[in-house]
Amino acid sequence: MLLTIGAMVLLSMVILNTNRNYLNTTIFMQETKYGVLATSLATSIIERASGLAFDEETDGAAIGNVNSLTKANKLGPETGEVFDTFDDFDDFNGYSLIDTTEFSAIFNISCIVNYVNENQLNGSTNSRTWHKKITATVTSQFMTDTIRISSIFSYWFFR
């Protein structure tokens, strides 16, 4: 009788541990899935921005003076521009979107574009430079972490 009770307790412990491990694995897999989706969303935004002109003033024309570029406080879409009509990199400054394409999670996406100095790429500057940095941030209530990806886009001209 005592042996039977011991076996039942042991079997109960094995079943509880198996269920706990299964639940932990499922949670980890879901968080990983959402992390991959969030990374893909941020990367897509950055790739789209990188495919556009460096600045409104450089669209189709080479310039040789940074003072011809958009002022730092004017970075963002020009009047009347929306996501489908963005035509230069800094139009993504202040852009935000709630993505609901994944039925099981809602992603909040936001972007910031700043000028950066070549000697301090992690910071930002109010001075116009040949380098702009976009930072795409993706959050979701279903993720424990925030996905933040940055990329620097530089303007080059040849004479």
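**From helix H1 to a buried charge network**

Ile-5 sits in helix H1, which spans residues 2–50. Helices here are DSSP runs of H or I with at least four residues, strands are runs of E with at least two, and both are numbered from the N terminus. The model is predicted: local features need pLDDT of at least 70, side-chain atom pairs count only at pLDDT 80 or more, and totals for chains, interfaces and linings use all residues. Residues are numbered from 1 along each chain as its sequence is written, and side-chain values use heavy atoms, with hydrogens and water left out.

Stay with Ile-5 for a moment. Its relative accessible area is 45%, so Ile-5 is partly exposed. The scale is simple: buried is under 20% relative accessible area, exposed is over 50%, and partly exposed is in between (1.4 Å probe, protein chains only). Ile-5 joins Met-1, Val-9 and Met-13 in a nonpolar surface patch of about 450 Å². Patch residues have over 30% relative accessible area and no salt bridge; nonpolar side chains (Val, Leu, Ile, Met, Phe, Trp, Tyr) are joined within 5 Å, like charges within 9 Å. The areas come from the Shrake-Rupley method with a 1.4 Å probe, and for residues only the protein chains shown count as cover.

Now go inside. The largest nonpolar core has 29 residues. Such a core is a set of buried Ala, Val, Leu, Ile, Met, Phe, Trp, Tyr and Cys residues joined through side-chain atoms within 4.5 Å. Phe-92, Phe-107, Cys-111, Ile-134 and Val-138 have the most contacts inside this core. Two or more residues come from each of H1, strand E2 (107–117), E4 and strand E5 (147–154). H1 gives the most, with 7 residues. Take Cys-111. Beyond its neighbours within four places in sequence, Cys-111 is in contact (heavy atoms within 4.5 Å) with residues including Ile-45, Phe-92, Asn-93 and Ile-134.

Asn-93 leads on to the loop between H1 and E1. Asn-93 is partly exposed, at 22% relative accessible area. Leaving out residues up to four places away in sequence, Asn-93 touches Leu-75, Gly-76, Pro-77, Cys-111, Ile-112 and Val-113. Two backbone atoms lie close to polar atoms of the Asn-93 side chain. The backbone oxygen of Leu-75 is 3.1 Å from one such atom. The backbone nitrogen of Val-113 is 2.9 Å from one.

Where do the salt bridges lie? The whole structure holds 2 salt bridges, each a side-chain nitrogen of Lys or Arg within 4 Å of a carboxyl oxygen of Asp or Glu. Lys-132 pairs with Asp-55, with the closest N and O atoms 2.8 Å apart. This pair links strand E4 (residues 131–139), home of Lys-132, to Asp-55 in the loop between H1 and strand E1 (96–99), 77 residues apart. Asp-90 also bridges to Lys-132, at 2.6 Å between the closest N and O atoms. Here the loop between H1 and E1 meets strand E4 again, across 42 residues. Shared partners join Asp-55, Asp-90 and Lys-132 into one network.

Is this network buried or exposed? Lys-132 is buried, at 0% relative accessible area. Asp-55 is buried at 0%. Asp-90 is buried at 0% too. Asp-90 touches residues including Phe-54, Thr-70, Leu-75 and Val-113, not counting residues up to four places away in sequence.

Note on methods
A polar contact is a pair of N or O atoms within 3.5 Å; within protein, one must be able to donate a hydrogen and the other to accept it, and residues adjacent in sequence count only if both atoms are side-chain atoms.
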